[in-house]
Amino acid sequence: VGTVTASLRMANARPTQTQIAQYEIAAAEFQAVLRDLRRLVEVDLVRLKREMEAVGAPWTAGRIPEFQN
């Protein structure tokens, strides 16, 4: 993707077939990365935050503390 964008940044021409193929390859490979990232953020990180609260871990940036009056 970096190669494609760098070569097309100031171009007036349409992308070449090679550039289109490069983008399609990157897009296909990104699907697995995006799936893993979603699982990491939406499942693993949520579980970790819950476990940290349960054991009374000190507050860390990005964690919203559970408050009980």
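This passage describes the overall form, the surface and the salt bridges of a predicted model of a protein chain.

The secondary structure of the chain consists of 2 helices and 0 strands. The radius of gyration is 21 Å, well over the 11 Å given by the globule rule for 69 residues, so the chain is more spread out than a compact globule. Along the principal axes, the C-alpha atoms occupy a box of roughly 65 × 25 × 15 Å. Of the 69 residues, 4% count as buried.

The accessible surface of the protein chain amounts to about 6,200 Å², and carbon and sulfur atoms contribute 60% of this area. A nonpolar patch of about 410 Å² on the surface is formed by Leu37, Leu40, Val41, Leu45 and Leu48. Within this patch, Val41 belongs to helix α2, which comprises residues 17-54. The relative accessible area of Val41 is 43%, and Val41 is therefore classed as partly exposed. With regard to charge, the chain carries 9 positive and 8 negative charges, whose mean positions lie 4 Å apart.

Side chains of opposite charge can pair when their charged atoms come close. In the present model, 4 salt bridges are found. One of these links Arg47 to Asp44, with an N to O distance of 3.3 Å. Both residues lie in helix α2, where a spacing of 3 residues places them about one turn of the helix apart. Arg47 is partly exposed, at a relative accessible area of 39%, and Asp44 is likewise partly exposed, at 29%. Elsewhere, salt bridges with shared partners join Arg35, Asp36 and Arg39 into one network. Within that network, the closest N and O atoms of Arg35 and Asp36 are 3.6 Å apart. Arg35 is exposed, having a relative accessible area of 51%, whereas Asp36 is partly exposed, with a value of 33%.

A further salt bridge is formed between Glu42 and Arg38, for which the separation of the closest N and O atoms is 3.9 Å. This distance falls inside the criterion for a salt bridge, which requires a side-chain nitrogen of Lys or Arg within 4 Å of a carboxyl oxygen of Asp or Glu. Because Glu42 and Arg38 are 4 residues apart in helix α2, about one helical turn separates them. Glu42 counts as exposed at 53% relative accessibility, while Arg38 counts as partly exposed at 46%.

Definitions and conventions. Residues are numbered from 1 along each chain as its sequence is written. This is a predicted model: local features need pLDDT of at least 70, side-chain atom pairs count only at pLDDT 80 or more; totals for chains, interfaces and linings use all residues. Side-chain values use heavy atoms; hydrogens and water are left out. The radius of gyration is taken over C-alpha atoms; the globule rule is 2.2 Å times the number of residues to the power 0.38. Buried means under 20% relative accessible area, exposed over 50%, partly exposed in between (1.4 Å probe, protein chains only). Accessible areas come from the Shrake-Rupley method with a 1.4 Å probe; for residues, only the protein chains shown count as cover. Lys and Arg count as positive and Asp and Glu as negative; His and the chain ends are not counted. The place of a charge is taken as NZ of Lys, CZ of Arg, CG of Asp or CD of Glu. Patches are made of residues with over 30% relative accessible area and no salt bridge: like charges are joined within 9 Å, nonpolar side chains (Val, Leu, Ile, Met, Phe, Trp, Tyr) within 5 Å.
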